[in-house]
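Colleague: I should like to learn how the strands and the surface of a model are read. May we work through one case together?

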Amino acid sequence: MSASSPASPAWHAALASYNVGLGAGAILGGSWSRHRKILRKIFMDLMGGAEPVVGLLLCEVGNLDDLCDEEAQRRVEEVIAESFAAACSKGPPTFYWSGETVTAWLPNQQVHVLPPLINMDKVHDWRCCERLVLTGAAEHGHPKLLVYNTHQPASDKRPFPPAMRINFCVAVLEDAVRFRTSDSRCIGFIQTGDANCTIGTWASGMQQTPDSNVNFRQVRHVIGVGNKGGDVLTFGAVGDVEIYDNTCRVQGREKQHDPVIAEWRYKARSQPPL
């Protein structure tokens with residue numbers, strides 16, 4: 001979807017999401033220099049493209065059997081910081097870690113970390129989902145975007161049955177509705193990372209969460225260029241938000257995942273008092 005420039009200021013921004021797919025052993029091991037070179041190029045391309053990317057949201061940076069310790073986190077942060085400096089030169093990024101996910105933000109972004117989404121109904125009690133709130137500038141009315149970043153394993157060791165995947169989607173949607181109804185400045189939510197949930201799974205979740213259709217009049221699935229199953233971001237928004245199609249052509253490190261960029265433009269009808 002293309003968008004023309006509005007006559008008055010609008011919140012025009014984007015988030016880049018990528019499944020890194022490396023355990024701590026790979027980050028600390030002898031092959032890190034090779035992985036590092038590839039990741040640096042990917043991150044530079046994501047931050048230096050035409051889209052106004054303000055945050056990099058990564059999942060499976062480490063995994064549940066091999067989480068990143070302080071040294072592994074330092075190595076990851078170092079390559080991200082180098083990429084940010086080379087691509088946009090806006091100062092060092094701000095990092096937020098949560099288990100096997102990490103987000104990195106341009107220094108001028110207002111980001112608030114919420115407690116992770118846990119204890120989801122009929123979902124394994126060890127599963128969780130990182131939650132953050134990105135707030136726009138005063139000139140845009142301080143709009144808020146609820147951001148979920150997650151990796152939901154699906155394997156023989158950690159099965160993720162179809163019904164449970166729907167329950168996960170329902171839990172995210174219900175949480176987003178609660179946030180939206182509690183804060184009128186919330187313009188939407190976006191689920192990034194790799195939830196291992198298809199568009200059909202999200203559709204089933206929305207059918208079971210009718211309030212999501214009331215609070216978020218448009219729901220778009222932003223899909224990677226390779227149409228890979230895990231590269232699906234779900235973006236729910238109010239009617240005043242324009243959601244762009246994914247234009248990212250950056251290739252990932254592995255065949256099963258490519259980066260995805262979710263881009264939006266929001267123009268407030270009025271600016272409520274603080």
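Modeller: We shall take strand pairing, burial, backbone angles and a surface patch in turn. This is a predicted model, in which local features need pLDDT of at least 70 and side-chain atom pairs count only at pLDDT 80 or more, while totals for chains, interfaces and linings use all residues. Residues are numbered from 1 along each chain as its sequence is written, and side-chain values use heavy atoms, with hydrogens and water left out.

Colleague: Which strands pair with β2, and in which sense?

Modeller: Strands (E, at least two residues) are DSSP runs numbered from the N terminus, and two of them pair if DSSP finds at least two bridges between them. Here β1 (residues 11-22) runs parallel to β2, joined by seven bridges; A14 has V53 as its partner in β2. With β4 (residues 101-105), β2 pairs in the antiparallel sense over five bridges, and L58 stands opposite V102.

Colleague: Is β2 buried or exposed?

Modeller: Buried means under 20% relative accessible area, exposed over 50%, and partly exposed in between (1.4 Å probe, protein chains only). Nine of the nine residues of β2 are buried, so this strand is largely enclosed by the rest of the structure.

Colleague: Which residues have a positive phi although they are not glycine?

Modeller: E60, in strand β2, has a phi of about 50°. K122 has one of about 60°; K122 lies in the loop between β5 (110-117) and β6 (129-135) and is exposed, at 63% relative accessible area.

Colleague: Where is L67?

Modeller: L67 is in the loop between β2 (53-61) and α3 (70-87), and counts as partly exposed because its relative accessibility is 44%.

Technical notes: Helices (H or I, at least four residues) and strands (E, at least two) are DSSP runs, numbered from the N terminus.
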